[in-house]
Amino acid sequence: MTTNKMLKIERVLAVSALAAVLAAGTSWARAPFTDEELAAQKAALVESIALGYDLWHGSRADMTTNGLACGNCHPDTAASNPQTFPKYMTMYGKVIPFREMVNWCIENPQAGTRLDVDGDDMTAMEAYAFYLHRGKEITPGLASEQTTPIVVEYGTGFARTPTGIGVDNRP
Amino acid sequence: MSDIVDHSRRQFLSFAGKAGLTTLVAQAVGINLGVVDIVRAQTGKRGVEPFRFAIVSDSHLYSMPDHKFDQQLAEAVAQVNAMTPLPDFVLFGGDVAQNGTEDQLVKGSKILAELKMPLKIIPGEHDWYLDMGDAWRGLFGDETWSFNHKGVHFIGLNSILVRDFWTEAGMTPLERMTVMEMLESPIPGPWGVHEKQLEWLANDVKDLAPDTPVVIFTHSPLWDYYPRWNFQTSDAPEIREILSKFDNVMSYHGHVHQTLYNRIGNMSSVAALGTAWPWPYPPVELAFPETRMNRADPSIATDGMGTQVIDLSGSFEGLVQYKPFEDSLTPFMRDGFKV
């Protein structure tokens with residue numbers, strides 16, 4: 001066997017071995033999600049977004065004592081700019097995450113009780129705000145100008161019972 | 001001082017007394033004056049006895065005593081009462097109340113009663129859908145009106161009428177009101193003035209000469225701004241058609257809680273600041289983006305709110321000046337603009 005032929009065989013063996021490793025590698029990772037699993041994950045996300053939609057529009061009484069809800073000033077989460085956080089906010093004098101900004105609005109313009117930052121309700125608020133900013137460029141720390149949410153067509157929304165934005169809920 | 005650079009519709013752009021500065025500012029922010037083209041229509045032949053009127057709008061009062069919005073409306077009233085010279089009258093642009101309850105409307109009427117000058121008012125959706133306008137009418141009278149003042153024909157219409165979405169659904173009045181309170185609610189559909197008011201309008205102006213100065217006042221804009229938030233009036237095209245015979249029509253509206261200008265044909269359109277809260281600009285291109293105000297700072301409780309005053313000249317030019325509670329205007333808007 002010539003040296004050239006030996007080199008070719010070695011090359012073939014090496015490629016075959018690599019292919020075998022790669023093939024084996026695919027079997028080591030988790031199998032792709034099934035359609036049913038993906039549907040369940042999506043449903044969970046939509047449920048969180050819809051909960052956020054309700055909370056944004058006044059469904060949780062302790063978020064306000066003056067009747068104001070997030071939606072009074074931020075229809076369709078406009079001008080909440082979630083994709084620009086974390087950023088420096090003058091009212092804190094430091095860089096804060098979006099969920100802290102949510103709590104600032106709850107405690108100040110709404111004069112309500114802040115949400116647990118690790119709770120499902122805060123996650124839902126974030127899910128709703130980010131959902132309406134999907135595809136927007138992420139620019140942490142920059143929001144000197146108002147940014148807008150995605151365009152939402154008329155008549156779309158969530159099939160939820162209206163929660164009564166701004167309804168007087170003081171005892 | 002006249003700031004009319006060129007009477008042609010192509011070239012006119014002026015900000016009172018600051019034409020040079022305005023040009024510099026416009027160039028600094030990249031505005032092409034030939035494109036921006038804030039233009040007034042040809043003035044009518046009829047003379048107007050110069051006067052001013054003010055606009056207060058969107059107080060969204062709640063029922064709680066000593067709510068912060070009560071004070072903000074009172075501040076607007078004080079601001080108008082302190083204007084020199086005093087406006088001849090005040091137009092209120094709708095949404096006195098937030099939830100349409102009688103106590104909220106009564107509270108608003110009491111605060112507005114402190115105005116030194118007469119008040120004309122049209123309803124907003126927040127005033128209306130709890131009792132379909134009963135309490136509002138009891139306090140303020142007809143929602144469709146016109147009057148003449150110093151040579152100008154003023155018209156007010158109720159632009160927040162929607163199709164009946166509540167009867168078939170079996171909704172209570174409170175549920176109906178709740179649906180209407182949400183700006184982005186998918187349920188009620190676009191609102192407008194509907195057929196009866198269109199007929200009334202056509203009849204109201206049928207004997208007026210084309211050179212009659214006309215001002216029309218509605219809660220929502222008479223152009224398709226952002227229908228998603230009912231920043232529109234569904235039959236605005238019909239309204240504009242009825243008024244198309246006039247040389248110059250000025251439209252003033254509430255509902256959008258922001259500074260805004262637009263023009264379609266012979267009609268200029270100017271929005272009013274609210275006294276309760278500012279609304280963000282929706283995700284659409286504006287023909288006159290330089291008429292936007294600064295982004296409101298949430299840490300300043302009354303930023304982006306205020307009143308406005310309009311001075312009408314003898315040739316029916318209007319100098320529009322926003323009077324925000326805080327420093328909310330860009331340099332471009334600070335000295336007012338002509339329509």
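This report walks through the helix packing, sheets and cores of a predicted model.

## Chain B at a glance

Let's start with chain B, where 9 helices and 12 strands are found. Of its 339 residues, 51% are buried. If you take the contacts in chain B with a separation of 6 or more, 72% are between residues 24 or more positions apart.

## The cores

The largest nonpolar core counts 83 residues, and B:V90, B:V215, B:F217 and B:Y252 have the most contacts inside it. Helix α3 of chain B, spanning residues 68-81, gives this core its largest share, 5 residues. Another core lies apart from that one; it has 21 residues, including A:Y53, A:L68, A:A124 and A:M125. As a general point, nonpolar side chains tend to be buried together in soluble globular proteins.

B:Y252 is a handy place to look around. Skip its neighbours within four places in sequence, and B:Y252 is in contact with B:I55, B:L91, B:V215, B:F217, B:V270 and B:A272. Two of the residues with the most contacts inside the largest core, B:V215 and B:F217, are thus on the contact list of B:Y252.

## First sheet of chain B

One open sheet in chain B has 6 strands, in the order β4-β5-β6-β7-β9-β8, with mixed pairing. At its edges stand β4 (145-149) and β8 (261-264) of chain B; each has a single partner strand, so one side of each has no neighbour in the sheet. On average, and with direction ignored, neighbouring strands here are turned by 20 degrees against each other.

Start from the β4 edge: β4(B) runs antiparallel to strand β5 (residues 152-156) of chain B, and 5 bridges join them. B:H149 sits opposite B:V152 in β5(B). These strands make a hairpin with 2 residues between them, in which B:K150 takes a positive phi near 50 degrees.

Further along, strand β7 (residues 249-253) and strand β9 (residues 267-271) of chain B pair in the parallel sense, over 5 bridges. B:M250 has B:S268 in β9(B) as its bridge partner. On its other side, β9(B) pairs with β8(B) in the antiparallel sense over 4 bridges, and B:N262 stands opposite B:S269. The hairpin of β8(B) and β9(B) also has 2 residues between the strands, and B:G265 in the turn shows a positive phi of about 60 degrees.

## Second sheet of chain B

Another open sheet of 6 strands in chain B follows the order β3-β2-β1-β10-β11-β12, and its pairing is mixed too. Its edge strands are β3 (119-121) and β12 (337-338) of chain B, each pairing on one side only. Inside the sheet, strand β1 (residues 51-56) and strand β2 (residues 90-92) of chain B pair in the parallel sense over 3 bridges. Here B:V56 stands opposite B:F92 in β2(B).

## A helix with buried residues

Helix α7 of chain B covers residues 173-181, and B:R176, B:M177, B:T178, B:V179, B:M180 and B:E181 in it are buried. Note that the buried set includes B:R176 and B:E181. Among the elements covering the buried residues of α7(B) is α5 (125-128) of chain B.

## Helix packing in chain A

Over in chain A, helix α2 (residues 35-56) and helix α5 (residues 120-131) pack at an angle of about 95 degrees, with their axes 7 Å apart. That angle makes α2(A) roughly perpendicular to α5(A). On the α2(A) side the contact is made by A:L45, A:S48, A:I49, A:L51, A:G52, A:Y53, A:L55 and A:W56, and on the α5(A) side by A:D121, A:T123, A:A124, A:M125, A:A127, A:Y128 and A:Y131. The contact residues divide into 11 nonpolar, 3 polar and 1 charged.

Helix α4 (residues 98-107) of chain A also packs against α5(A), at an angle of about 105 degrees and with the axes 10 Å apart. These helices are therefore roughly perpendicular to each other as well. Here α4(A) brings A:F98, A:R99 and A:V102 to the contact, while α5(A) brings A:M122, A:M125 and A:E126. This contact has 4 nonpolar residues, no polar ones and 2 charged. A:M125 turns up in the contact of α5(A) with α2(A) and in the contact with α4(A), and A:M125 is also among the residues of the 21-residue core.

Methods:
Residues are numbered from 1 along each chain as its sequence is written. Chains are lettered from A and ligands numbered from 1 in the order in which they are written. This is a predicted model: local features need pLDDT of at least 70, side-chain atom pairs count only at pLDDT 80 or more; totals for chains, interfaces and linings use all residues. A nonpolar core is a set of buried Ala, Val, Leu, Ile, Met, Phe, Trp, Tyr and Cys residues joined through C-beta atoms within 7 Å. A residue is buried if 20 or more other C-beta atoms lie within 10 Å of its own, exposed if 12 or fewer, and partly exposed in between; C-beta atoms are placed from the backbone. Two residues are in contact if their C-beta atoms, placed from the backbone, lie within 7 Å. Axes are lines fitted to C-alpha atoms, for helices over the stretch in contact, and angles run from 0 to 180 degrees between N-to-C directions. Angles under 35 degrees count as roughly parallel, over 145 as roughly antiparallel, 65 to 115 as roughly perpendicular and the rest as oblique. Ala, Val, Leu, Ile, Met, Phe, Trp, Tyr, Cys and Pro count as nonpolar, Asp, Glu, Lys and Arg as charged, and the others, Gly among them, as polar. Two strands pair if DSSP finds at least two bridges between them.
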